[in-house]
Amino acid sequence: MYYSLVMSQSSTPARPLRIGSRGSPLALAQARQAQAALAKACGIGPEQIEIKIIRTSGDKIQDRPLADAGGKGLFTKEIEEALLSGTVDFAVHSSKDIPAVLPAGLTLAAFLPREDPRDALVSRVAKSLGELPRNALVGTSSPRRQALLMRARPDLRIAPLRGNVETRLRKIEASEMDAAILAVAGLKRLGLFSAPATALEVEEFLPAAGQGARAHAAGIDDANTHTALAAERAFLAALGGSCRTPIAGHARLDGDTVKFRGLIAKTDGSDAIEVSRQGRRADAAALGADAGHEIKTRAGASFFVEN
């Protein structure tokens, strides 16, 4: 998982800096990490950078999947408005929550170092997808995770799963479902990656495509994360994917070489198209875009229409 620092292109405050963040424990954990990094880069104390909690539409909607209510922007809209109005100077987001196109006047300023990008199977009855009982009930509200689950195990039953990480884990503890799919990064940042959780390898369960950034706040921008996200965000943008479309993509760096894998799938797992690319670090964005265009051509418009 990546964490992105978003800022207004006209942000030049004379007052103390303010970071806009959602109020969940995970969001605040990553906001504090950005606060510490910014403070170090600016040569000031963390207490001189305020974290302002902003409740988003995505936080308020708990009765239905977000894909049915407008998609990714639901977790960023109110924070973007606060940026544009000058209420806050920076925002910290999980990169997977940021739409492919930012509102005019905002820029992706920097990325903190990448955490573990894998998904985790959280279950008290199985340590792998193959060990889950037949017709097991698995919780996720992600179209990508649902598609990959159904592709691997068509017999599984999928249940919507909303709420913060702790709420989701309590459902497993209470045996309300057999398993859930959560982000390894979120579990680790909260100190909750423990016995019931098993990381699913990238080769088996391709992560969500991240987003790219321009290194405006160069003092805290991680170069490898920046490069990997350039490929993943270009892939996502070329596909024009929405929160309803199961899209996965992952880029990794091997010296000066970028290795990228991308995938789209039907929500029921019945069909999927995969691509891979390899090339120079300097060509990361072009590699991702080319992969996205290939998938879009091979899939055709009908692939994205759910029956």
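A residue counts as buried when its relative accessible area is under 20%. The model shown in these views is a predicted one.

**View 1. Thr56 in the loop between strand S3 and helix H2.**
Strand S3 covers 49-53 and helix H2 covers 57-60, with Thr56 placed in the loop between them. The relative accessibility of Thr56 is 0%, so this residue counts as buried. Leaving aside residues up to four places away in sequence, Thr56 touches Arg22, Leu74, Phe75, Glu78 and Ile79. Two of these contacts, Glu78 and Ile79, also appear among the buried residues of helix H3 (residues 77-85). The other buried residues listed for H3 are Glu80, Ala82 and Leu83. After H3 comes Gly86, which has a positive phi near 85°.

**View 2. The open sheet of 5 strands.**
The strand order is S8-S7-S9-S6-S10, and the pairing is mixed. Strand S8 (157-159) and strand S10 (197-200) are the edge strands, each pairing on one side only. On average, neighbouring strands of this sheet are turned by 30° against each other, direction ignored. Inside the sheet, strand S6 (residues 119-123) pairs with strand S9 (residues 179-183) in the antiparallel sense, over 5 bridges. One position to look for is Ala120, which has Leu182 in S9 as its bridge partner.

**View 3. Helices H4 and H5 against the sheet that holds S9.**
Helix H4 (residues 143-152) lies across S6, strand S7 (137-139), S8 and S9. The direction of H4 is at about 130° to S9. Helix H5 (residues 165-173) also packs on the sheet, where it touches S6 and S9. Between the directions of H5 and S9 the angle is about 155°.

**View 4. Helix H5 from its start to the residue just after it.**
At the start of H5, a side-chain oxygen of Asn164 comes to within 3.2 Å of the backbone nitrogen of Glu166. Val165, Arg168, Leu169 and Ile172 are the buried residues of this helix. Seen down the axis of H5, these residues fall within an arc of 100°, so they line one face of the helix. They pack against helix H1 (25-42), S6, S9 and helix H6 (184-189). Just after H5, Ser175 has a positive phi of about 60°.

**View 5. A salt-bridge network around Asp116 and Arg118.**
The structure holds 18 salt bridges. One of them joins Asp116 to Arg118, with the closest N and O atoms 2.7 Å apart. Both Asp116 and Arg118 are buried. Lys188 and Glu201 are linked with Asp116 and Arg118 in a network of salt bridges.

**View 6. A salt bridge between Glu274 and Arg151.**
The side chains of these two residues meet at 3.1 Å, N to O. Glu274 lies in strand S13 (residues 272-280) and Arg151 lies in helix H4, so the pair ties together parts that are 123 residues apart in sequence. Glu274 has a relative accessibility of 32% and counts as partly exposed. Arg151 is partly exposed too, with a relative accessible area of 38%.

**View 7. The open sheet of 3 strands.**
The order of this sheet is S11-S12-S13, and its pairing is antiparallel. Strand S11 (247-254) and S13 are the edge strands, and each pairs on one side only. From one strand to the next, the twist averages 10°. Strand S12 (residues 257-265) pairs with S13 over 9 bridges, in the antiparallel sense. Among the paired residues, Thr257 has Arg280 in S13 as its bridge partner. Helix H7 (residues 223-239) packs on the sheet and touches S11, S12 and S13. The direction of H7 makes about 150° with that of S11. Helix H8 (residues 284-299) packs on the sheet as well, touching S12 and S13. The direction of H8 makes about 155° with that of S13.

**View 8. Arg280 and its salt bridge with Asp283.**
Arg280, the bridge partner of Thr257 in S13, forms a salt bridge with Asp283. The closest N and O atoms of this salt bridge are 3.1 Å apart. Arg280 counts as partly exposed at 49% relative accessibility. Asp283 counts as partly exposed at 30%.

Conventions. Residues are numbered from 1 along each chain as its sequence is written. This is a predicted model: local features need pLDDT of at least 70, side-chain atom pairs count only at pLDDT 80 or more; totals for chains, interfaces and linings use all residues. Side-chain values use heavy atoms; hydrogens and water are left out. Two strands pair if DSSP finds at least two bridges between them. Helices (H or I, at least four residues) and strands (E, at least two) are DSSP runs, numbered from the N terminus. Axes are lines fitted to C-alpha atoms, for helices over the stretch in contact, and angles run from 0 to 180 degrees between N-to-C directions. Contact means heavy atoms within 4.5 Å. A salt bridge is a side-chain nitrogen of Lys or Arg within 4 Å of a carboxyl oxygen of Asp or Glu. Buried means under 20% relative accessible area, exposed over 50%, partly exposed in between (1.4 Å probe, protein chains only). The arc is that of the directions from the helix axis to the C-beta atoms. A polar contact is a pair of N or O atoms within 3.5 Å; within protein, one must be able to donate a hydrogen and the other to accept it, and residues adjacent in sequence count only if both atoms are side-chain atoms.
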